[in-house]
Amino acid sequence: MIVTTTKGDMDDSLLEKKEGFVDNDDEYTTWVEYWLDGELVHRSVHVQLKKAVVLTAAAASFE
Amino acid sequence: MANTQAMCSSFLGELMTATHNFTTSTGNTFKAALYLASATVNASTTAYSSTGEVTGTNYTAGGVSVTNGTSPLSTNTSTTAGTGYWTPSASITYTNVTLSTAFDAVLIYNFSASNKAVSVHTFGSQTVTAGTFTLTMPSNTTSTALLRLATT
């Protein structure tokens, strides 16, 4: 697979791959990194938001 | 300083002046801009500003357009309560960017209405290197939609 890197497009067989994730109440996030000779050359992040923003509306009464 | 997830207060008032139109196709254009973890965007934010916005390779100031394929929906939950809701119909994606300084927030704003702010959404601090940053939207339902206006 070809990966975009800071060195140009490279075949992933030439790179060291690292992956990770964060899962909490706010988000589920995954990331993938490719390293070349100890140098970070690619990092992509995918965030899935879990917590929306909510407006609570009201109509006042004439009491 | 820090960014805080919120619906922007100015947006609440602007709803009553028909400033924002989320109708698909014929409505306004909304955009999404990323902000540094050191920035301050929150409920007090009234409009898009480049102050505190990320900069980097292949990132254009102002961010990217939000895909709006579904107009806002509303549902009654009782005779006195209900929910109106809206969610972008596709992920927000920044492709082949390098954003070396940590960022942790996205501002949704109305590009068609003088860049007036809609909402701020936060996430864990990130950097991207020659890669893609993708924000996947929650399901567009009364309980999970990205923007919800509810009465109780």
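Trp31(A) stands opposite Val45(A) in S5(A), a convenient place to enter this predicted model. The pairing belongs to an antiparallel match between S4(A) and S5(A), which runs over 10 bridges. Between these two strands sit just 2 residues of a hairpin, where Asp37(A) takes a positive phi near 50 degrees. On its other side in sequence, S4(A) has S3(A), residues 16–23, as an antiparallel partner, with 8 bridges joining the two. Here Asp23(A) has Tyr28(A) in S4(A) as its bridge partner, and the hairpin formed by S3(A) and S4(A) has 3 residues between its strands.

Stepping back to chain A as a whole, the tally is 0 helices and 6 strands, so the order of elements from the N terminus reads simply β-β-β-β-β-β. With a radius of gyration of 21 Å, well over the 11 Å that the globule rule gives for 63 residues, chain A is more spread out than a compact globule. The C-alpha trace tells a matching story, spanning about 75 × 20 × 20 Å along its principal axes. As for burial, 22% of the 63 residues of chain A count as buried. Of the contacts in chain A between residues at least 6 apart in sequence, 25% join residues at least 24 apart.Next comes the contact between the chains. It takes 26 residues from chain A and 30 residues from chain B. On the side of chain A that touches chain B, strand S4 (27–36), strand S5 (39–49) and strand S6 (53–57) each supply at least two residues. S5(A) gives the most to this side, with 10 residues. By residue class, the side of chain A that touches chain B divides into 12 nonpolar, 9 polar and 5 charged residues. Strand pairing also crosses from one chain to the other: S6(A) and strand S8 of chain B, residues 147–151, pair in the parallel sense over 5 bridges. Within that pairing, Val54(A) stands opposite Arg148(B) in S8(B).

The largest nonpolar core has 43 residues. Those with the most contacts inside this core are Ala33(B), Tyr35(B), Ala105(B), Val106(B), Leu107(B), Ile108(B) and Tyr109(B). Both chains take part, since S5 of chain A supplies at least two residues of the core, as does each of four strands of chain B, namely S2 (30–36), S5 (82–86), S6 (92–110) and S7 (116–136). S6(B) gives the most to the core, with 10 residues. In soluble globular proteins, nonpolar side chains tend to be buried together. Val106(B) offers a closer view of the surroundings of one core residue. Leaving aside neighbours within four places in sequence, Val106(B) is in contact with Ala32(B), Ala33(B) and Leu34(B), and also with Ile92(B), His121(B) and Leu135(B).

Elsewhere in chain B, strand S4(B), residues 73–76, pairs with S5(B) in the antiparallel sense over 4 bridges. Thr75(B) has Thr83(B) as its bridge partner in S5(B). S4(B) and S5(B) form a hairpin, with 5 residues between the strands.

Two loop residues of chain B deserve a look for their backbone angles. Ala18(B) is not a glycine, yet has a positive phi of about 55 degrees. This residue is found in the loop between helix H1 (9–15) and S2 of chain B. With 7 other C-beta atoms within 10 Å, Ala18(B) is exposed. Ser114(B), likewise a residue other than glycine, has a positive phi near 55 degrees. Ser114(B) lies in the loop between S6 and S7 of chain B, and counts as exposed with 11 C-beta neighbours inside 10 Å.

A word on confidence rounds this off. Chain B averages a pLDDT of 95, and 100% of the residues score at least 70. For the model as a whole, the scores are ipTM 0.90 and pTM 0.94.

Terms used
Residues are numbered from 1 along each chain as its sequence is written. Chains are lettered from A and ligands numbered from 1 in the order in which they are written. This is a predicted model: local features need pLDDT of at least 70, side-chain atom pairs count only at pLDDT 80 or more; totals for chains, interfaces and linings use all residues. Two residues are in contact if their C-beta atoms, placed from the backbone, lie within 7 Å. Ala, Val, Leu, Ile, Met, Phe, Trp, Tyr, Cys and Pro count as nonpolar, Asp, Glu, Lys and Arg as charged, and the others, Gly among them, as polar. Two strands pair if DSSP finds at least two bridges between them. A nonpolar core is a set of buried Ala, Val, Leu, Ile, Met, Phe, Trp, Tyr and Cys residues joined through C-beta atoms within 7 Å. A residue is buried if 20 or more other C-beta atoms lie within 10 Å of its own, exposed if 12 or fewer, and partly exposed in between; C-beta atoms are placed from the backbone. The radius of gyration is taken over C-alpha atoms; the globule rule is 2.2 Å times the number of residues to the power 0.38. pLDDT is the predictor's confidence in each residue, from 0 to 100.
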